[in-house]
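Please look over the sequence and the model together before reading on. The paragraphs below lead from a single loop to the sheet, the pocket and the chain as a whole.

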Amino acid sequence: MEVSDITPTGLTVHFRQYEKRDKGELIYGDGYWIERLEGDHWVELPVIPENYGFNDIGYFIPSEGEAQLAVDWEWLYGKLDSGTYRITKDVIAKEWSDPNSRPLKCLLATQFIIE
C-alpha cells in the first residue's frame, strides 16, 4: 500500500498485489483511520462528528494488479496540520470457493507527511 496526491484534506491510496492468486480475493473497503506521530508514538486523531460510519462495500484488488481509492478526510478529521501521519486500512483475503474458509483480516498502514 502506498499513497500519492497528498494534501491537508486527502490523498490517494494505491494497492498493489504482486503475486498471482489462483484462489481467493483481496478486498478493501472505504473505512480507514489516521494517526499522527508524536515523539516515538502513534496517536489516533480525534474525529469531528460524534456519529459516523463508512459505506459497507468491498473493492477487489486484482491478482497481479493494482487498485486505488481517493480518500477525503476533511469531513472526519478536518484539515491536517504539518506533521508525520499514517493511514491504516483493512484488507481481507477470502477463499470464496471453499465454504469453510474464514476471511483473514490484515491491517495495512503507510506513512505520509503534510508539510
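**From a loop to the whole chain**

E64 is found in the loop that lies between β6 (59–61) and β7. In this predicted model, the phi of E64 is positive, at about 50°, although E64 is not a glycine. The residue counts as exposed, because its relative accessibility is 52% and the cut-off for that class is over 50%. A second residue invites the same kind of description: D5, which belongs to strand β1, has a phi near 55°, again a positive value in a residue other than glycine. D5 likewise counts as exposed, because its relative accessibility comes to 55%.

The strand that holds D5 leads on to a sheet. Three strands, in the order β1-β2-β7, make up an open sheet in which the pairing is antiparallel. The edges of this sheet are taken by β1 (2–7) and β7 (66–72), each of which has a single partner strand, so one side of each is left without a neighbour in the sheet. From one strand to the next, the twist averages 15°.

Each of the two pairings can be followed residue by residue. Between β1 and strand β2 (residues 10–16), which run antiparallel, there are four bridges, and a hairpin of two residues connects β1 to β2. Within this pairing, V3 stands opposite V13 in β2, while S4 faces T12 of β2. On the other pairing, β2 and β7 are joined in the antiparallel sense over seven bridges, and here R16 stands opposite E66 in β7. As for how far β2 is shielded, six of its seven residues are buried, and the strand is thus mostly covered.

Which residues lie nearest the centre of the largest pocket? They are G29, D30, G31, I57 and D90, out of the 16 residues that line the largest pocket. The space within the largest pocket amounts to about 260 Å³. Sorted by residue class, the lining of the largest pocket holds seven nonpolar, four polar and five charged residues. Two strands, β3 (25–28) and β8 (83–94), each contribute at least two residues to the lining of the largest pocket, and it is β8 that gives the largest share, three residues.

One of the residues nearest the centre of the pocket, D90, also offers a way across to another strand. K105, which has its place in strand β9 (residues 104–114), is separated from D90 by 15 residues in sequence and by 6.6 Å in space, taken from C-alpha to C-alpha. When the neighbours of K105 within four places in sequence are set aside, the residues in contact with K105 are D90, V91 and I92. Is K105 buried or exposed? With a relative accessible area of 57%, K105 is exposed, because the exposed class begins over 50%.

These parts can now be set within the chain as a whole. The protein chain has one helix and nine strands, and, read along the sequence, these elements follow the pattern β-β-β-β-β-β-β-α-β-β. Taken along the principal axes, the box that the C-alpha atoms of the protein chain fill is roughly 45 × 30 × 25 Å. Of the 115 residues in the protein chain, 36% count as buried, a class that requires a relative accessible area under 20%. Finally, if one considers contacts in the protein chain between residues at least 6 apart in sequence, 73% of these contacts join residues that are at least 24 apart.

Terms used:
Residues are numbered from 1 along each chain as its sequence is written. This is a predicted model: local features need pLDDT of at least 70, side-chain atom pairs count only at pLDDT 80 or more; totals for chains, interfaces and linings use all residues. Side-chain values use heavy atoms; hydrogens and water are left out. On a 1 Å grid over the protein atoms alone, a cavity is a set of points where a 1.4 Å probe fits but cannot get out, and a pocket is an open set with protein on both sides within 12 Å along at least five of seven lines; lining residues have an atom within 4 Å of a point. Grid points are joined across faces, edges and corners, and a volume is the space filled by probe spheres set on the points. Ala, Val, Leu, Ile, Met, Phe, Trp, Tyr, Cys and Pro count as nonpolar, Asp, Glu, Lys and Arg as charged, and the others, Gly among them, as polar. Buried means under 20% relative accessible area, exposed over 50%, partly exposed in between (1.4 Å probe, protein chains only). Contact means heavy atoms within 4.5 Å. Two strands pair if DSSP finds at least two bridges between them. Axes are lines fitted to C-alpha atoms, for helices over the stretch in contact, and angles run from 0 to 180 degrees between N-to-C directions.
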